[in-house]
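Hi,

Here is the structure I said I would pass on. Have a look at it first, and my notes on what turned up follow below.

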Amino acid sequence: MTAGLSRRRVIGAGIGIGAGITAGAVGAPAAHAAAHAVRPGSTVAITGTTVIDATGARPQRNVTVLVRGERIAAVGSARRVRVPADAEVVDGRGKFVVPGFIDSHAHGSGQEEIDPPLFLANGVTTVRDLNGQALLYDWRDRVAAGTLFGPRYLVASSIVDGNPSLLVGLGSPYIEVADGEESRAAVRRSVAEGADFIKVYARLTPDAYHAIADECRKLGVSFVGHTPDAIPLAEASAAGQRSFEHIYTSWFDTSSEEREIRRRLARIEVGGGEYNSWFRQTHPLEVLAARTFDPHRARKVFRGLAADGSHQVPTLTQHRVFDLPESVALHDDRLRYLPAATRDGWRIQLEQLYLAGRSPQDVAEHRELFAARLRWIGAAHRAGVPVLAGTDTGTAYVYPGFSLHDELENLTEAGLSPMQALRAATSAPARFLGLHDVGVVRRGAIADLAVLDADPLADIRNTKRVHAVVVRGALISAERRERMLGDVEAAASAGALPARLAGCACVPVLASADASGLSAWRVRAWCIRSVAGSPDSRPVRTGQAEQGRRLGARVTDGSLLDGVQETRRETAVAVCSNVSVATSSSVSAGCFVAW
């Protein structure tokens with residue numbers, strides 16, 4: 001068994017794979033927590049409002065929601081619910097109260113001044129984070145202790161993958177396992193380190209996978225993740241996998257050509273870190289699966305998933321970015337809440353990796369795939385498979401908090417009603433996570449609430465119109481919410497944030513390179529550096545600069561690597577991995593490679 005947080009930082013600064021975290025980030029300043037501290041024992045009243053409980057019940061109109069401490073004390077008419085004199089009052093006339101939203105698939109950036117407040121400002125009060133980083137365990141524990149004002153976090157283990165893992169060199173924390181013994185040890189280690197659940201990945205062998213399932217049952221911990229190549233979706237569901245993330249290999253089970261697809265899938269050979277090769281080789285199998293969807297087979301598979309209690313987390317927002325990159329808004333107003341390094345990294349990824357070299361056939365096939373993903377998740381939902389709303393933050397142009405509302409819109413496009421989409425982001429994930437007093441608006445429940453300016457049942461896009469938020473009984477008024485967003489924008493523009501954590505390795509990054517078949521690669525590499533303006537900030541180490549220069553790179557403070565040409569892929573990756581900045585929390589860097 002091997003484990004690692006890879007030293008090769010290839011794609012970073014918010015792209016979702018790479019940049020790592022600079023020293024000092026774990027000890028990030030507590031200014032955010034102090035500025036937004038919860039007032040214990042406070043009372044909040046939302047008067048004259050409409051309550052949508054997201055359980056399927058009819059809306060309750062012209063009612064008062066009274067909150068005392070962390071819980072809802074009453075929901076009823078003004079005649080039945082008296083508002084105390086010391087209550088913070090929200091005028092709920094013309095407004096709609098729904099449970100706080102739950103993002104069931106996120107990858108935290110590690111930037112405390114960005115992620116937690118953006119989630120809260122968008123009414124997201126619970127986050128299931130699939131990024132098994134120690135810093136995120138720290139966030140989870142500090143939120144629970146009341147020393148960090150943020151959403152409730154549940155955090156995965158390091159990713160448990162086969163050996164060799166697709167994740168070698170891509171920055172995400174992972175554990176490679178080759179057999180059942182190593183798999184059981186990985187589960188025990190992850191639980192001991194504080195993981196709330198185990199995350200499994202694509203290259204696990206059947207022996208390793210079923211050992212994970214058995215060890216999780218013994219320890220009473222759930223396991224979730226990707227559908228391994230060697231395990232059909234129905235088999236994984238029967239083995240106890242609680243949720244399946246994204247729509248990649250999952251839909252092979254519902255194809256009339258499943259036998260041929262699995263024959264070709266079994267022949268795929270990839271080395272450690274060769275994620276791009278894996279995506280390139282599975283892409284035509286995805287297209288075949290989409291074109292040969294068999295409703296009869298699908299009904300049988302979906303009935304089994306529903307009976308097993310398995311959940312689908314399609315992350316359609318992430319799929320939309322990769323399948324339809326031409327639809328990405330390059331001047332999205334939400335970009336102002338992200339650091340320049342993140343914005344630059346996303347733009348580079350979009351322009352150089354997603355759009356460049358995209359043939360008309362590529363465009364047509366990915367449009368076809370996205371439409372098929374929508375139809376597939378809609379069919380699963382109609383067959384009774386529980387669907388959860390997750391965004392895959394950590395992927396380019398997927399925004400903390402904001403994109404949860406995009407996902408709800410995607411789910412309605414897939415065929416869910418507005419009420420069903422709301423449930424996928426509130427009561428359904430609360431039950432899935434075992435949070436029995438969360439995800440509902442009723443007496444005695446935890447007071448996680450979003451107050452909306454318009455009716456989400458009339459138009460699901462109205463969930464974006466957040467007026468106020470209540471998080472564990474603490475009111476974020478409209479005015480306070482605006483201040484929080486202003487603070488995030490100021491922090492993003494100050495250039496003093498720690499580097500982003502590695503995020504989701506869930507999208508092909510440089511697939512065109514792997515497809516070229518060249519023995520030598522034309523490489524362009526960038527390192528983007530954000531410095532807090534201190535003249536004492538140290539530049540890249542001399543030895544690393546010399547390594548870059550020997551490969552023909554121009555190494556400066558502003559553009560650490562620029563113009564590496566006609567060198568082998570491995571060499572370029574090594575150069576990018578070895579270019580680092582001083583161990584100061586005021587410095588962040590990201591490396592970007594295209595060929």
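**What I found**

Tyr397 sits in the loop between helix H12 (360-382) and H13. Keep in mind as you read that this is a predicted model. Tyr397 caught my eye as a residue that is not a glycine and still has a positive phi, about 65°. Is Tyr397 buried or exposed? With a relative accessible area of 8%, Tyr397 is buried.

One of the residues in contact with Tyr397 is Ser403, which lies in helix H13. Ser403 is buried too, and its relative accessible area is 0%. If you set aside the neighbours within four places in sequence, the contacts of Ser403 are Thr317, Arg334, Thr391, Tyr397 and Val398.

Next, the packing of H13 on another helix. Helix H10 (residues 316-323) meets helix H13 (residues 402-413) at an angle of about 85°, and their axes are 8 Å apart. An angle from 65 to 115 degrees counts as roughly perpendicular, so that is how H10 and H13 lie to each other. Which residues make the contact? From H10 they are Leu316, Thr317 and Arg320, and from H13 they are Ser403, Asp406, Glu407, Asn410, Leu411 and Glu413. Sorted by class, the contact between H10 and H13 has four charged, three polar and two nonpolar residues.

There is another positive phi on a residue that is not a glycine: Arg472, at about 50°. You'll find Arg472 in the loop between strand E16 (466-471) and strand E17 (474-476). Arg472 counts as buried, because its relative accessibility is 13% and the cut-off for buried is under 20%.

While we're on loops, look at the one between E9 and strand E10 (173-176), where Pro164 is placed. The peptide bond joining Asn163 and Pro164 is cis, with omega at about 5°.

Now for two more helices. Helix H5 (residues 206-219) has 14 residues, and from its first C-alpha to its last it reaches 20 Å, close to the 20 Å expected at 1.5 Å a residue. The buried residues in H5 are Ala208, Tyr209, Ala211, Ile212, Ala213, Glu215 and Cys216. What covers them? The cover includes helix H4 (180-193) and helix H6 (233-239), along with strands E9 (152-161), E11 (197-200) and E12 (223-225). After H5 comes Gly220, with a positive phi near 70°.

Helix H11 (residues 340-355) has 16 residues and spans 21 Å from first C-alpha to last, close to the 22 Å expected at 1.5 Å a residue. Where does H11 bend? At Gln349, by about 25°. Gln349 is also one of the buried residues of H11. The others in that list are Ala341, Thr342, Gly345, Trp346, Ile348, Leu350, Leu353 and Tyr354. Like H5, H11 is followed by a glycine with a positive phi; here the residue is Gly357, and the value is near 75°.

Finally, the overall picture. The protein has 19 helices and 19 strands. Of its 595 residues, 61% count as buried. Taking the contacts between residues at least 6 apart in sequence, 76% join residues at least 24 apart.

Cheers

Methods
Residues numbered from 1 in each chain as written. Predicted model: local features only at pLDDT ≥ 70, side-chain atom pairs only at ≥ 80, totals over all residues. Heavy atoms only, no water. Helix = DSSP H or I, 4+ residues; strand = E, 2+ residues; numbered from the N terminus. Expected span 1.5 Å × (residues − 1). Buried < 20%, exposed > 50% of the residue type's maximum accessible area, 1.4 Å probe, protein only. Contact = heavy atoms within 4.5 Å. Axes fitted to C-alpha atoms, helices over the stretch in contact; angles between N-to-C directions. Parallel < 35°, antiparallel > 145°, perpendicular 65-115°, else oblique. Nonpolar A, V, L, I, M, F, W, Y, C, P; charged D, E, K, R; others polar. Bend = angle between axes of the 7 residues up to and from the residue.
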